Amino acid sequence: NDLCSRINVIDGCAVLQQLPWPKLGSIKDSCDLFVNYIFSHYKKFPDQHPHVIFDSYDVITTKDQEQKRRRLNAPQSAEVIIHENFSIPSNKFDFLSNKKNKQNYILMLGKCLLEKNISVQHAGEEGDADVVIVRLALELARRSKEIVTVISEDTDILVLLIHHVSEEHPIFIQTKTNTINIVEAQKVIGKSACELLPFVHAMSGCDTTSSFFGQGKLKAFKLLQKLSEVKKEKLRAFGNSETSKDDIRCIGEEFMLSLYGSKESIHTLDELR
């Protein structure tokens with residue numbers, strides 16, 4: 001019953017990637033399919049309030065370089081002028097691989113959702129929707145007594161929620177296979193690990209950083225749990241804007257040495273190499 005009355009904050013681009021397009025028809029038909037999906041899953045009852053958040057692809061973000069690296073061998077379609085009667089492309093992923101096509105299509109999607117009184121927000125100058133989604137979810141949880149659920153498959157969003165959510169304002173995240181109570185997840189992970197989770201996530205590879213060869217997220221997280229409180233306190237410097245670049249480099253290098261199982265007598269990555 002609680003889930004029927006929840007507020008849903010939806011990662012619009014994630015839904016866009018998952019939904020298959022109709023094989024025939026116009027681009028407007030695919031927009032209608034998206035709108036119907038939102039209604040059938042997140043607007044079944046009058047007291048459900050979905051908020052759809054989209055990335056913006058017409059700005060430069062810190063994720064651009066990593067995303068370009070991942071797309072090096074992927075085909076990219078030509079830019080086209082999109083209108084409602086435009087025949088639906090045969091390959092959705094090729095069509096959306098062009099950032100201008102994707103941006104124009106998202107704007108059309110947003111317009112269709114607004115016409116059906118569904119709340120829509122674009123990331124705008126921030127470019128990436130992850131922070132916008134988390135910020136909105138936190139704000140809604142603070143000012144509403146209803147359950148707030150974030151609909152996303154994005155690890156970045158999960159990490160941000162675990163780091164920021166408070167016990168007074170619980171939030172859930174729903175993926176294809178699970179619904180996770182963030183407050184319960186925090187209890188399992190532990191307070192100090194939750195505080196440092198963004199650091200471990202970034203150091204082990206995320207949307208803005210590449211991962212280190214042979215070093216996965218699970219190994220980095222297990223290392224974090226084994227660290228002494230003194231070493232954990234050092235890592236908190238990464239969340240302090242006043243920390244110098246030299247200190248950041250030294251602390252990060254120390255963590256990487258531990259990740260690669262370095263002896264205590266070795267103090268730099270050059271020595272380890």
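Biologist: Which helix gives the most to the lining of the largest cavity?

Modeller: In this predicted model, the largest cavity has a volume of about 70 Å³, and a search of the whole structure finds two cavities of 30 Å³ or more. Its lining is made up of Leu227, Lys231, Lys234, Leu235, Ile251, Glu254, Phe255 and Ser258. Helix H11 (229-235) and H12 each supply at least two residues of that lining, but the helix that gives the most, with four residues, is H12.

Biologist: Phe255 is among those lining residues; is Phe255 buried or exposed?

Modeller: A residue counts as buried when its relative accessible area is under 20%. The value for Phe255 is 3%, and therefore Phe255 counts as buried.

Biologist: What kind of ring pair do Phe199 and Phe255 form?

Modeller: A search of the whole structure finds seven aromatic pairs, and Phe199 with Phe255 is one of the pairs to look at in detail. Their ring centres are 5.0 Å apart. Planes over 60 degrees apart count as edge-to-face, and because the planes of these two rings stand at 80 degrees, the pair is edge-to-face.

Biologist: How many residues apart in sequence are the parts that this pair ties together?

Modeller: Phe199, which counts as buried at 7% relative accessibility, lies in helix H9 (residues 191-203). Phe255 lies in helix H12 (residues 245-259), so the pair ties together parts whose separation in sequence is 56 residues.

Biologist: Which residues are linked into a cluster by ring pairs?

Modeller: The search of the whole structure that finds seven aromatic pairs also lets us ask which rings are joined to one another. Here ring pairs make a cluster that links Trp21, Phe86, Phe95 and Tyr105.

Biologist: Which helix supplies the largest share of the largest nonpolar core?

Modeller: In soluble globular proteins, nonpolar side chains tend to be buried together. The largest nonpolar core here has 42 residues, and those with the most contacts inside it are Val9, Val150, Leu161 and Ile171. Eight residues of this core, its largest share, come from residues 130-143, which form helix H6.

Biologist: How many residues does the second, separate core have?

Modeller: This second core is separate from the one just described, and among its residues are Ile10, Trp21, Ile27 and Ile151. The size of this second core is 30 residues.

Biologist: To which backbone oxygen does the side chain of Lys43 reach?

Modeller: Lys43 lies in the loop between helix H2 (27-42) and strand E2 (49-54), and at 24% relative accessibility Lys43 counts as partly exposed. Leaving aside neighbours within four places in sequence, Lys43 is in contact with Ile38, Gln48, Pro50 and Ile118. At 2.9 Å, its side chain reaches the backbone oxygen of Gln48.

Biologist: How far apart in space are Lys43 and Ile7, C-alpha to C-alpha?

Modeller: In sequence, Lys43 and Ile7 are separated by 36 residues. In space, their C-alpha to C-alpha distance is 9.6 Å.

Biologist: What percentage of the contacts with a separation of 6 or more comes from residues 24 or more positions apart?

Modeller: The protein chain has 13 helices and six strands, and its C-alpha trace spans about 70 × 45 × 35 Å along its principal axes. Buried residues make up 43% of its 273 residues. Among the contacts with a separation of 6 or more, the part that residues 24 or more positions apart account for is 65%.

Key: Residues numbered from 1 in each chain as written. Heavy atoms only, no water. Core = buried A, V, L, I, M, F, W, Y, C linked by side-chain atoms within 4.5 Å. Buried < 20%, exposed > 50% of the residue type's maximum accessible area, 1.4 Å probe, protein only. Phe/Tyr/Trp six-rings, centres within 6.5 Å; stacked < 30°, edge-to-face > 60°. Contact = heavy atoms within 4.5 Å. Polar contact = N/O pair within 3.5 Å; in protein donor to acceptor, adjacent residues only side chain to side chain. 1 Å grid on protein atoms, 1.4 Å probe; cavity = no way out; pocket = protein on both sides within 12 Å on 5 of 7 lines; lining within 4 Å. Points joined across faces, edges and corners; volume = space filled by probe spheres on them.
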